[in-house]
Amino acid sequence: MTVKIKRVYEKPDKEDGVRILVDRLWPRGLTKEKAGADLWLKDIAPSTELRKWFDHDPEKWGEFKKRYLSELQENKDAVSQLKEQIRKHPVTLLYGAKDEEHNEALVLKTYLANDLTR
């Protein structure tokens with residue numbers, strides 16, 4: 001399994017494999033061409049309620065991870081769609097947040113690594 005994460009604002013690289021945007025909202029000021037996303041899985045992103053509650057507050061990070069992991073457990077269709085891509089190709093999960101240490105792509109990558117190794 002090859003899954004990387006990258007800010008969607010970073011320049012696409014041929015080593016990215018399939019670039020999948022995992023944000024619920026399209027990143028501000030970015031055209032589809034500049035994003036270089038091959039697929040947009042907005043349904044795998046945290047719910048609108050969770051996203052708004054978290055508001056990229058590092059103090060809420062632990063609770064955000066718990067709540068998002070719970071949502072992923074219930075979101076079998078979107079998770080299956082992502083796993084299918086991972087089985088076929090190297091994948092880069094794209095996210096728009098400025099914070100590289102507290103974002104949904106990190107939680108999603110860890111979730112996938114744990115789920116696919118079982």
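**Entry 1: the loop after α2**

I began with Asp55, which is placed in the loop between α2 and α3, the latter covering residues 61-74. I noted that the model is a predicted one. Asp55 counts as exposed, because its relative accessibility is 58% and the cut-off for exposed is over 50%. I then looked up its backbone angle: phi of Asp55 is near 50°, a positive value in a residue other than glycine. I recalled that most residues other than glycine have a negative phi.

His56 lies in the loop between α2 and α3 as well. Its phi is near 55°, again positive in a residue that is not glycine. With a relative accessibility of 39%, His56 counts as partly exposed.

**Entry 2: the sheet**

I next asked in what order the strands of the sheet stand. The sheet is open, has 4 strands with parallel pairing, and follows the order β1-β4-β2-β3. Strands β1 (3-7) and β3 (39-40) are at the edges; each has a single partner strand, so one side of each is left without a neighbour in the sheet. I kept in mind that strands of a sheet pair through backbone hydrogen bonds, either parallel or antiparallel.

I went through the pairings one by one. β1 and β4 pair in the parallel sense over 5 bridges, and Arg7 stands opposite Tyr95 in β4. β2 and β4 are parallel too, with 4 bridges; here Arg19 has Thr92 of β4 as its bridge partner. Strand β2 (residues 18-21) is joined to β3 by 2 bridges, and these strands run parallel. In that pairing, Leu21 stands opposite Trp40 in β3.

**Entry 3: strand β4**

Is strand β4 mostly covered or uncovered? I found that 5 of the 5 residues in β4 (residues 91-95) are buried, so the strand is mostly covered. I then checked the two faces separately. Val91, Leu93 and Tyr95 lie on one side, Thr92 and Leu94 on the other, and all are buried.

**Entry 4: aromatic rings**

How many aromatic pairs are there? The count comes to 5 aromatic pairs. One of them joins Trp26 and Trp40: the ring centres are 5.2 Å apart and the planes are at 75°, so the pair is edge-to-face, the cut-off being over 60 degrees. This pair links distant parts of the chain, since Trp26 is in the loop between β2 and α1 (32-35) and Trp40 is in strand β3, 14 residues apart. Trp26 is partly exposed, with a relative accessible area of 27%. Trp40 counts as partly exposed at 33%.

I turned next to Phe54 and Trp61, which form a tilted aromatic pair with 6.0 Å from centre to centre and 45° between the planes. Both Phe54 and Trp61 are buried. Ring pairs link Phe54, Trp61, Phe64 and Tyr68 into a cluster.

**Entry 5: charges over Trp53**

Which residues lie over the face of Trp53? I found Lys60 at 5.0 Å from the ring centre. Arg67 also lies over the face of Trp53, at 4.0 Å from the ring centre.

**Entry 6: Thr48**

I closed with Thr48, which has its place in helix α2 (residues 48-54). Thr48 counts as partly exposed, at 28% relative accessibility. The C-alpha atoms of Thr48 and Leu25 are separated by 9.3 Å, and these two residues are 23 residues apart along the chain.

Terms used: Residues are numbered from 1 along each chain as its sequence is written. This is a predicted model: local features need pLDDT of at least 70, side-chain atom pairs count only at pLDDT 80 or more; totals for chains, interfaces and linings use all residues. Side-chain values use heavy atoms; hydrogens and water are left out. Two strands pair if DSSP finds at least two bridges between them. Buried means under 20% relative accessible area, exposed over 50%, partly exposed in between (1.4 Å probe, protein chains only). Rings of Phe, Tyr and Trp (its six-membered ring) pair if their centres lie within 6.5 Å; planes under 30 degrees apart count as stacked, over 60 as edge-to-face and the rest as tilted. A charge sits over a ring if NZ of Lys or CZ of Arg is within 6 Å of the ring centre and within 35 degrees of the ring normal.
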